[in-house]
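Open the model in your viewer and get ready to pick out residues by number. This tour suggests what to select next and tells you what is there.

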Amino acid sequence: MSALTSQPTSSGSSEKIPRLRGWRAKAAGVVLAALALTTGVAAPAPAAANPYERGPDPTTASIEATSGSFATSTVTVSRLAVSGFGGGTIYYPTTTTAGTFGALSIAPGFTATQSSIAWLGPRLASQGFVVFTIDTLTTSDQPDSRGRQLLASLDYLTQQSSVRSRIDSTRLGVVGHSMGGGGTLEAARSRPTLQAAVPLTAWDLTKNWSTLQVPTLVVGAQSDTVAPVASHSIPFYTSLPSTLDRAYLELRGASHFAPNSPNTTIAKYTLSWLKRFIDNDTRYEQFLCPIPSTSLSISDYRGNCPHNG
């Protein structure tokens, strides 16, 4: 018996592909046109733009906005209707004319439920993703279990959910807070076909992630006393392969619980990372490279630029 219900909400209105776009595409077009004029031979059409791009060209204002250009709806998934995780809420763009979307699952932290990270669901979905904020089997589940549950939720999302036809199952990512952030790292290490991972003030006893192959943005909080950056986020980041597309963002003056309420800095860089690597949307590279400077909201930012993927 189905345990799914659908409720509209109000919002604003994998394979790597060639990176011939932007100025490269324009330059190629000029060269090809000149060739046609001088030789009389018809020039082939320039390479198509990235087919995974969704939404208008991004600006600082658009990535900092509380909602994007896509109207969204929700589907509530009962824990009784699934196995391997505790149910949750799916947020998805309502349009049926924009093609399929990349998708991600988000896990809460120790003792928490999906409500603690619910603000990210509609915010990211309105920018062009299908987003699943999940509950865990128990609120005391450890990071390795949360990692398995993130993967189980992605499998449900792409294979059984009522919105599966809206999703490109080759473009998936994981996000999580605290032990859910540790679960994000665990999931990314065990499933290298994922396109992006964003652990938020993550906690995990494992410190070495040298075998992880998924582009990862590690977000730490300068004043975190639960998962201090010196013993968690920074070691997580530095242990990632140096050849991997990776970054470390440290929130100035923030606590461990910064991801539990709307936060512009978390949202803008999480969105940019997911767009850049789940959608291969290089329009968002400008917000990640060059490395963002320290500011009133950022106490540290590290990474490898330009990105490889």
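Start by selecting Glu-53 and Arg-283, which form a salt bridge whose closest N and O atoms are 3.7 Å apart. Keep in mind along the way that this is a predicted model. Follow the chain to each side of the pair: Glu-53 sits in the loop between helix H1 (23–39) and helix H2 (60–64), while Arg-283 sits in the loop between helix H7 (264–278) and strand E10 (298–303). The pair thus links distant parts of the chain, 230 residues apart. Are these two residues buried or exposed? Both Glu-53 and Arg-283 are buried.

**More salt bridges**

How many salt bridges does a search of the whole structure find? The search finds eleven.

Select Asp-168 and Arg-171 next; the closest N and O atoms of this salt bridge are 2.9 Å apart. Asp-168 is buried, with a relative accessible area of 14%, and Arg-171 is buried as well, at 0%.

Now go to Asp-300 and Arg-302, whose side chains meet in a salt bridge of 2.9 Å, N to O. Asp-300 counts as buried at 16% relative accessibility, whereas Arg-302 is partly exposed, with a relative accessible area of 30%. After that, add Asp-57 and Asp-281 to your opening selection: together with Glu-53 and Arg-283 they make one network, joined by salt bridges that share partners.

**The disulfide**

Stay in this part of the chain and select Cys-289 and Cys-305. A disulfide joins them, with 1.9 Å from S to S, and the structure holds one disulfide. The link is left-handed, with -80 degrees about the S-S bond. Because Cys-289 lies in the loop between H7 and E10 and Cys-305 in the segment after E10, the pair ties together parts that are 16 residues apart in sequence. Cys-289 is buried, with a relative accessible area of 12%, but Cys-305 counts as partly exposed at 33%.

**The largest nonpolar core**

Next, select Ile-90, Val-130, Phe-132, Leu-157, Val-163 and Leu-212. These are the residues with the most contacts inside the largest nonpolar core, which has 40 residues. Among the elements that give two or more residues to this core are strand E2 (72–77), strand E3 (88–93), strand E5 (129–134) and helix H4 (143–159). Which element gives the largest share of this core? That is H4, with six residues.

Zoom in on Val-163. Leaving aside its neighbours within four places in sequence, Val-163 is in contact with Val-75, Ile-90, Tyr-92, Val-130 and Leu-157. There is also a second, separate core of 36 residues; to find it, select Val-198, Leu-200, Val-219 and Phe-277, which it includes.

**A stop at Ile-167**

Select Ile-167, which you will find in strand E6. Ile-167 counts as buried, at 8% relative accessibility. Its contacts beyond four places in sequence include Thr-100, Phe-101, Ala-103, Val-130 and Leu-157. Now add Gly-99: the two are 68 residues apart in sequence, yet 8.7 Å apart in space, C-alpha to C-alpha.

**Helix H5 and what covers it**

Move on to helix H5 (179–190). H5 has twelve residues and reaches 16 Å from its first C-alpha to its last, close to the 16 Å expected. Why is H5 described as largely enclosed by the rest of the structure? Ten of its twelve residues are buried, so the helix is largely enclosed. Among the buried ones are Met-179, Thr-184, Leu-185 and Glu-186. To see what covers the buried residues of H5, show elements including E4, H4, E6, strand E7 (196–200), strand E8 (216–221) and H6.

**Strand E8 and its partners**

Finish with E8. Six of its six residues are buried, so E8 is largely enclosed by the rest of the structure. Both faces are covered: select Thr-216, Val-218 and Gly-220 for one side, then Leu-217, Val-219 and Ala-221 for the other.

Now show the strands that pair with it. E7 and E8 run parallel and are joined by two bridges; select Ala-197 to find its bridge partner in E8, Thr-216. E8 also pairs with strand E9 (residues 246–251) in the parallel sense, over six bridges. For your last selection, pick Val-218 and its bridge partner in E9, Tyr-248.

Key. Residues are numbered from 1 along each chain as its sequence is written. This is a predicted model: local features need pLDDT of at least 70, side-chain atom pairs count only at pLDDT 80 or more; totals for chains, interfaces and linings use all residues. Side-chain values use heavy atoms; hydrogens and water are left out. A nonpolar core is a set of buried Ala, Val, Leu, Ile, Met, Phe, Trp, Tyr and Cys residues joined through side-chain atoms within 4.5 Å. Buried means under 20% relative accessible area, exposed over 50%, partly exposed in between (1.4 Å probe, protein chains only). Helices (H or I, at least four residues) and strands (E, at least two) are DSSP runs, numbered from the N terminus. Contact means heavy atoms within 4.5 Å. A salt bridge is a side-chain nitrogen of Lys or Arg within 4 Å of a carboxyl oxygen of Asp or Glu. A disulfide is a pair of cysteine sulfur atoms within 2.5 Å. The expected span of a helix is 1.5 Å times one less than its number of residues. Two strands pair if DSSP finds at least two bridges between them.
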